[in-house]
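Me: Please take me through this structure one question at a time, with the reasoning behind each answer.

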Amino acid sequence: MAPDSEKLTGLQNAIIASNVPQIVMYLISYALDLGSSDIHIEPEERTVRIRYRVDGVLRQIVEYPPNLHAAVVSRIKIMSNLKIDETRIPQDGRTQVTTRDGREMDLRVSTLPTVNGEKIVMRLQDKSRDIPTLEELGISNHNLNIIKKAIAAPNGVVLTTGPTGSGKTTTLYSCLSILNTSDVNIMTIEDPVEIQMNGLNQSQVHPDIGYSFATGLRSALRQDPDIIMVGEIRDKETVEVAVEAALTGHLVLSTLHTNSAAATITRILDMGIPAFLITAVLNAIVAQRLVRRICEHCKAAAELTPEVEKQLKKAIDGMNPEEKKNIGADTSDFKMNVYHGTGCDACGGSGYKGRIGIYEIMEMNNELKEMILGGASTVKIEAEAVKTGMKTLEHDGIERILEGLTTPEEVYNVARHTGETAKHTIDEEAQKNS
């Protein structure tokens, strides 16, 4: 019997025996084995269901009777230093746990009162997990060169953008692991500190007592830093201090919530930062998403539907010549070979196991700076970036599809169709200039 099957059996037996400490222990240990990011404990009218978020998708694991729920909640609250007698309002806590097999992890706990009792979500952060390299994240050689050049600069701003859970923080830590040498002072201002790394000076903000990202960043500037990582830019004050830090000779890494690299420019302008300052400090913008990786144990060739094939061909038409050459689309015998997972025990029948990033990295160049200073639209900025070498999320995703790493469904779940729009805009600009 596989270790993960043994733990599932242990969890089920603990529920039958009403052994609450064992239930909680197996809940966490089994979630770690499956590579889960979150555990959801959700009370319903007649049962309490437990779901894990695995590779970004919720998967139901087991259920237990409602009469056990109060004890399970109390056990988790005691572990995370929450008030066990307060059930009317949400609470947030955290703790450190060592499993029976010696794995250390951070546990962030959130409770929420519902009509059927308190719902609990536990976010898992495996401290024993190594920080992946940029190559291990799935960044292609073209994008890898851009990002390494951007973080090698003595000063400036590098931003990662994308929705919650898209791997932005992991990308920043992969960059910091490259920069983390004994001859530089690296400061981080985070909420919370998700990954602890030797060699960094990491500080956690506490907005409830006035210690925000902006105040933390100002304090960091008085600590003689070379490099500063800010967990998230949320407001005008923070972005102003970040720009000031870059202008005074520091390298600043941070995250922002936008849909694309080009849209990040508009977002910063909307925050009130003048265009001339943006062009002066911005080194690169990394937009990213996570897609599920095809399970290697049940990987098989797949047939494209006519609709998906048409969509992929349109996107490939919108690629720049260098990208087409890289995937072989510039040859007459080019054929799109795609794969999928048929489902097996290793992937829980999903056809996917693990995740990989797709990236859109916009490097600042003189053409883009002129467009930003001229007030160009997001669409035109993106089209110019594609023309000068940027791969969109869709284009990068298509490369991952053709490499047999993921499926068209996964890519188009997170990336919009940009090929046709970009090509149309490029052609339109070429006609104007001819």
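Me: At the start of α8, within what distance of the backbone nitrogen of Ala-263 does a side-chain oxygen of Ser-260 reach?

Reply: First, a word on the model: it is predicted, so local features need pLDDT of at least 70, side-chain atom pairs count only at pLDDT 80 or more, and totals for chains, interfaces and linings use all residues. Residues are numbered from 1 along each chain as its sequence is written, and side-chain values use heavy atoms, leaving out hydrogens and water. Helices (H or I, at least four residues) and strands (E, at least two) are DSSP runs numbered from the N terminus. At the start of helix α8, the side-chain oxygen of Ser-260 comes to the backbone nitrogen of Ala-263 within 3.1 Å.

Me: Why do the buried residues of α8 lie on the same side of the helix?

Reply: Buried means under 20% relative accessible area, exposed over 50%, and partly exposed in between (1.4 Å probe, protein chains only). In α8, residues 261-270, the buried ones are Ala-261, Ala-262, Thr-264, Ile-265 and Ile-268. They share one side of α8 because, judged by the directions from the helix axis to the C-beta atoms, they cover an arc of only 150 degrees.

Me: Which residue just after α8 takes a positive phi?

Reply: Look just past the end of the helix, where phi turns positive at about 100 degrees. The residue there is Gly-272.

Me: Which residue's side chain joins that of Thr-258 in a polar contact?

Reply: Thr-258 sits in the loop between β11 and α8, and it is buried, with a relative accessible area of 9%. A polar contact is a pair of N or O atoms within 3.5 Å; within protein, one must be able to donate a hydrogen and the other to accept it, and residues adjacent in sequence count only if both atoms are side-chain atoms. A polar atom of the Thr-258 side chain lies 3.3 Å from the backbone oxygen of Ser-260. The side-chain partner, at 2.8 Å, is Thr-264.

Me: Which residue's backbone oxygen lies 2.6 Å from a polar atom of the side chain of Thr-255?

Reply: Thr-255 belongs to strand β11, residues 251-256, and counts as buried at 3% relative accessibility. Beyond its neighbours within four places in sequence, its contacts (heavy atoms within 4.5 Å) include Thr-160, Leu-172 and Val-230. The backbone oxygen 2.6 Å away belongs to Gly-231.

Me: Which are the edge strands of the seven-stranded sheet?

Reply: Two strands pair if DSSP finds at least two bridges between them. The seven strands form an open, mixed sheet in the order β9-β8-β10-β11-β7-β12-β15. Strands that pair on one side only are its edges, namely β9 (201-204) and β15 (352-363).

Me: In what sense do β7 and β11 pair?

Reply: Strands of a sheet pair through backbone hydrogen bonds, either parallel or antiparallel. Leu-159 stands opposite Ser-254 in β11. Six bridges link β11 to β7, residues 156-161, and their sense is parallel.

Me: Which helix gives the largest nonpolar core its largest share?

Reply: A nonpolar core is a set of buried Ala, Val, Leu, Ile, Met, Phe, Trp, Tyr and Cys residues joined through side-chain atoms within 4.5 Å. The largest one has 40 residues, and those with the most contacts inside it are Ile-265, Leu-282, Met-362 and Ile-381. Its largest share, six residues, comes from residues 236-247, helix α7.

Me: Which residue in β5 stands opposite Val-97?

Reply: Strand β4 (residues 91-98) and strand β5 (residues 104-114) pair in the antiparallel sense over eight bridges. Along β4 the side chains alternate: Val-97 is among those that point to one face and are buried, while Thr-98 is among those that point to the other and are not. Opposite Val-97 in β5 stands Met-105.

Me: How many residues lie between β5 and β6 in their hairpin?

Reply: β5 and β6 (residues 117-126) pair in the antiparallel sense over ten bridges. One of these pairs is Pro-113 with its bridge partner Glu-118 in β6. The hairpin is closed by a stretch whose residue count is two.
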